[in-house]
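These exercises are worked with the sequence and the 3D structure side by side. Try each task before reading its solution.

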Amino acid sequence: MASLTNSIPEKTIERLSEYRRTLLASHKQGITHIFSHVLAGIHGITAVQVRRDLMLIGFSSDTKKGYDVQVLIDYISRILDSPSPMNIAVLGMGHLGQAITKYFNGKGLNLKITAAFDVDPAKVSTTIDGIPCYHMDSFEEIAEEKDISIVIVSSPTKVAPSLVVPIINAGIKGVLNFTSTPLNFPQGIVVENYDITTLLEKVAYFVKESEENSNG
Ligand SMILES: NC(=O)c1ccc[n+]([C@@H]2O[C@H](COP(=O)([O-])OP(=O)(O)OC[C@H]3O[C@@H](n4cnc5c(N)ncnc54)[C@H](O)[C@@H]3O)[C@@H](O)[C@H]2O)c1
């Protein structure tokens, strides 16, 4: 993934997001303190890894009672979140675009899907799951008007490359691409290509490896 900063490794950023989700759930259950080995156990990693990640972001207030859950949530939030909420647009409001929107909004994150774009006349100028859907032709104009920083690309794969220029022209800063074609952007735009087939093949490969090891 192209990144604007190399100060914190990508994997640590992913784990910090995961830790925060666990901490928020713990907080909801009334848990005030958590030990690094408990956090590690939930995420299937070692306590050393948890402590290393937190040291990397300068957090070291491990007490006899463990980490203060609320303090750690606030600390991770200061690292992960921008000072004001970021607006996201979905490009392609089909099955996947709608599933992502349903899943994502209302989670109380500092990120919010605020607009969708499509070309299907049945969807354009309607509101889907509370999100206004505009024609892709008006993307640049609406993206500026609605201060969109990040886009999720969930259009058909074959049209995805044609969305690159409008995304650049609109001054978008980050792209999460779900289509099967990797999209390339100039430096300065953060891109994550997320392909479910690749991830599934990775899981299948390790299942095969572990079966071969236990048989042989
Ligand atoms: N990465 C993953 O895990 C994963 C999983 C499922 C699907 N996909 C991919 O996500 C994409 C969407 O899949 P889907 O099942 O939601 O398809 P879908 O056909 O249900 O939705 C695609 C939507 O994009 C719209 N569209 C067409 N041309 C467009 C354009 N030029 N600009 C904006 N929108 C446009 C269509 O009208 C439709 O609403 C596909 O590329 C698919 O391969 C990825």
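**Exercise 1. Pairing in the sheet**

Task: Starting from Asn 87, find the residue that stands opposite in S7, then work out the order of the strands in the open sheet.

Solution. The model is a predicted one.
Step 1. Asn 87 stands opposite Ile 148 in S7.
Step 2. Strand S3 (residues 86-91) and strand S7 (residues 148-153) run parallel and are joined by five bridges.
Step 3. The open sheet has seven strands in the order S5-S6-S4-S3-S7-S8-S9, and its pairing is mixed.
Step 4. Strand S5 (127-128) and strand S9 (190-193) are the edge strands, since each pairs on one side only.

**Exercise 2. Parallel or antiparallel**

Task: State in which sense S4 pairs with strand S6 (residues 131-135), and in which sense S5 runs against S6.

Solution.
Step 1. Strands of a sheet pair through backbone hydrogen bonds, in either the parallel or the antiparallel sense.
Step 2. Three bridges connect S4 and S6, and the sense is parallel. Ala 116 has Cys 133 in S6 as its bridge partner.
Step 3. S5 and S6 run antiparallel and are joined by two bridges. Here Ile 128 has Ile 131 in S6 as its bridge partner.
Step 4. The hairpin of S5 and S6 has two residues between the strands, and Asp 129 takes a positive phi near 50° there.

**Exercise 3. Buried or exposed**

Task: Decide whether Met 93 is buried or exposed, and do the same for His 95.

Solution.
Step 1. An unreviewed UniProt entry annotates Gly 92, Met 93, Gly 94, His 95, Leu 96 and Gly 97 as "binding site".
Step 2. Locate both residues. Met 93 is in the loop between S3 and H5, whereas His 95 is in helix H5.
Step 3. Apply the cut-offs: a residue is buried if 20 or more other C-beta atoms lie within 10 Å of its own, and exposed if 12 or fewer do.
Step 4. Met 93 has 26 other C-beta atoms within 10 Å, so Met 93 is buried. His 95 has 9 other C-beta atoms within 10 Å, so His 95 is exposed.
Step 5. Check the surroundings of Met 93. Leaving aside neighbours within four places in sequence, Met 93 is in contact with Gln 98, Ala 116, Asp 118, Lys 123, Ile 128 and Cys 133.

**Exercise 4. The shell around the ligand**

Task: Find how many residues surround the ligand, and which element gives the most to the shell.

Solution.
Step 1. The ligand is surrounded by 24 residues, of which Gly 92, Gly 94, Leu 96, Thr 179 and Ile 196 are the closest.
Step 2. Helix H5 (95-104) and strand S4 (111-118) are the elements that give two or more residues to this shell.
Step 3. With three residues, H5 gives the most.
Step 4. By class, the shell holds 11 nonpolar, nine polar and four charged residues.

**Exercise 5. The chain as a whole**

Task: Give the bounds of the domains and how far apart their C-alpha centres lie, then describe the annotated "DNA-binding region".

Solution.
Step 1. The domain assignment gives domain 1 (10-79) and domain 2 (86-197).
Step 2. Their C-alpha centres lie 31 Å apart.
Step 3. The unreviewed UniProt entry places the "DNA-binding region" at residues 18-57. This span is 72% helix and 5% strand, and its end C-alpha atoms lie 15 Å apart.
Step 4. For the chain, count eight helices and nine strands. Of its 216 residues, 23% count as buried.

Notes:
Residues are numbered from 1 along each chain as its sequence is written. This is a predicted model: local features need pLDDT of at least 70, side-chain atom pairs count only at pLDDT 80 or more; totals for chains, interfaces and linings use all residues. A residue is near a molecule or strand if its C-beta atom, placed from the backbone, lies within 6 Å of it. Helices (H or I, at least four residues) and strands (E, at least two) are DSSP runs, numbered from the N terminus. Ala, Val, Leu, Ile, Met, Phe, Trp, Tyr, Cys and Pro count as nonpolar, Asp, Glu, Lys and Arg as charged, and the others, Gly among them, as polar. UniProt positions are given in the numbering used here, feature names are shortened, and annotations may be inferred rather than shown by experiment. Domain bounds come from an automatic or database domain assignment. Two strands pair if DSSP finds at least two bridges between them. Two residues are in contact if their C-beta atoms, placed from the backbone, lie within 7 Å.
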